[in-house]
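User: I would like to go through the labels used for this structure and see what each one rests on.

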Amino acid sequence: MAQDLSKSSSTQTSSPAHVAIIMDGNGRWAQLRGQPRLMGHRAGAKRIREIVQTCPNVGVKYLTIFAFSTENWKRTQSEVSGLMTLFRQYIKREARNLAKEGVRVRFIGDRVRLDDKLVKLMDELEQLTETNDRVHLTIALNYGSRDEVARATKRLAHDVAIGKLLVADIGEETLPKYLDTCVLPDPDLVVRTSGEARISNFLLWQSAYSEYEFVDTLWPDFSAEIFENIVDRFKSRDRRFGGIKV
Ligand code: IPE
Ligand code: IPE
Ligand code: MG
């Protein structure tokens, strides 16, 4: 059998097909201006459109953004409810534009804890854009990687219990089929804004071989130009996937 060297080649030249962004720093952006944190979230939500629009120009087919984590419920009730209102407003305001621009929208995360009105809007946006293929935008909402793996494991165990899956057939390709991201490729590049260098429970399984970029910019100041520079830098990374240069 011919050896597959495609993943152990030397210099990277292509764009990252899938970029995942931890949009962090909204609160600090607002605090720096003496504004309530929610103003930072509003400013942050407005940045998304430009980044989505930039994707096709820089060869990014999949963009995944972290909007609300399973841990973010720990924030004050007023911040959490402000964010939930903002998510509903964002979907209503952006739906038509996203559909028109050929963006296919998906949501990942556990919907059970989200309110019915929001879930309905999420379902409708997914349906409205399901035939689009220009850019695939995935919004992680009430998403936590550990929670995702736990939910996936439950479904996997259920399939074993009913005889649909044999224990002997479980391999490393099995679990991803049960993750919320089952239809998505793994991210090539994970970006976090605001200077924090941690993952905060985002795409743990999926980012096993991702490249990482931690940038100091606060999310509401993130721009198409910064995004383009990050994508450019990715192209000179040497991804070896455990192999060696040939
Ligand atoms: C990211 O910004 C948005 C969410 C987590 C919802 P933050 O709200 O975490 O902003 P900082 O980190 O407090 O500045
Ligand atoms: C991660 O940011 C979650 C999102 C960007 C939605 P956080 O601000 O919640 O992460 P920590 O608390 O700094 O780790
Ligand atoms: Mg933060």
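The exchange below sets computed values against the cut-offs behind the labels.

Analyst: Keep in mind that this is a predicted model.

User: Why are helix α2 and helix α3 called roughly parallel?

Analyst: Helix α2 (residues 37-54) and helix α3 (residues 77-100) pack at an angle of about 30°, and their axes are 10 Å apart. Angles under 35 degrees count as roughly parallel, so α2 and α3 get that label. The crossing of α2 with α3 is right-handed. On the α2 side the contact includes Arg37, Leu38, His41 and Arg42, and on the α3 side it includes Glu79, Gly82, Leu83 and Leu86.

User: What classes of residue make up the contact of α2 with α3?

Analyst: Six are nonpolar, four polar and seven charged.

User: What makes α2 oblique to helix α6?

Analyst: The axes of α2 and α6 (residues 224-235) are 9 Å apart and the packing angle is about 40°. Roughly parallel requires an angle under 35 degrees, and roughly perpendicular begins at 65. The angle of α2 with α6 fits neither, so the pair is oblique. This crossing, α2 past α6, is right-handed. Glu50, Ile51 and Thr54 of α2 meet Ala224, Phe227 and Glu228 of α6. By class, that contact has three nonpolar residues, one polar and two charged.

User: How do you know that α3 is roughly parallel to helix α4?

Analyst: The axes of α3 and α4 (residues 116-128) cross at roughly 15° and come within 10 Å. With the limit set at under 35 degrees, α3 is therefore roughly parallel to α4. Here α3 passes α4 in a left-handed crossing. Among the residues in contact are Met84, Phe87, Arg88 and Ile91 of α3, with Lys117, Leu118, Leu121 and Met122 of α4. The contact of α3 with α4 has 11 nonpolar residues, three charged and no polar ones.

User: What span is expected for α2, and what span does it reach?

Analyst: α2 has 18 residues, and 26 Å is expected at 1.5 Å a residue. From first C-alpha to last, α2 reaches 27 Å, which is close to that value. Buried residues in α2 include Gly40, His41, Ala43 and Gly44.

User: Why does Ala140 count as buried?

Analyst: Its relative accessibility is 0%, and buried means under 20%, so Ala140 counts as buried. Ala140 lies in strand β4 (residues 135-143). Leaving aside residues up to four places away in sequence, Ala140 touches Ile65, Phe66, Ala67, Phe68, Ile108 and Phe202. Arg33 is 107 residues from Ala140 along the chain, and their C-alpha atoms are separated by 27 Å.

User: Why is Ser200 called partly exposed, and why is Leu203 called buried?

Analyst: Ser200 has a relative accessible area of 31%. Partly exposed covers values between the 20% limit for buried and the 50% limit for exposed, so Ser200 is partly exposed. Leu203 has a relative accessible area of 1%; buried means under 20%, so Leu203 is buried. Ser200 is in the loop between β5 (189-192) and β6 (211-214), and Leu203 is in the loop between β5 and β6.

User: What is the phi value of Ser200, and what is that of Leu203?

Analyst: Phi of Ser200 is about 50°, a positive value although Ser200 is not a glycine. Leu203, also a residue other than glycine, has a positive phi near 45°.

How values were computed:
Residues are numbered from 1 along each chain as its sequence is written. Chains are lettered from A and ligands numbered from 1 in the order in which they are written. This is a predicted model: local features need pLDDT of at least 70, side-chain atom pairs count only at pLDDT 80 or more; totals for chains, interfaces and linings use all residues. Side-chain values use heavy atoms; hydrogens and water are left out. Axes are lines fitted to C-alpha atoms, for helices over the stretch in contact, and angles run from 0 to 180 degrees between N-to-C directions. Helices (H or I, at least four residues) and strands (E, at least two) are DSSP runs, numbered from the N terminus. Angles under 35 degrees count as roughly parallel, over 145 as roughly antiparallel, 65 to 115 as roughly perpendicular and the rest as oblique. A crossing is left-handed if the near helix is turned anticlockwise from the far one by less than a right angle, and right-handed if clockwise. Contact means heavy atoms within 4.5 Å. Ala, Val, Leu, Ile, Met, Phe, Trp, Tyr, Cys and Pro count as nonpolar, Asp, Glu, Lys and Arg as charged, and the others, Gly among them, as polar. Buried means under 20% relative accessible area, exposed over 50%, partly exposed in between (1.4 Å probe, protein chains only). The expected span of a helix is 1.5 Å times one less than its number of residues.
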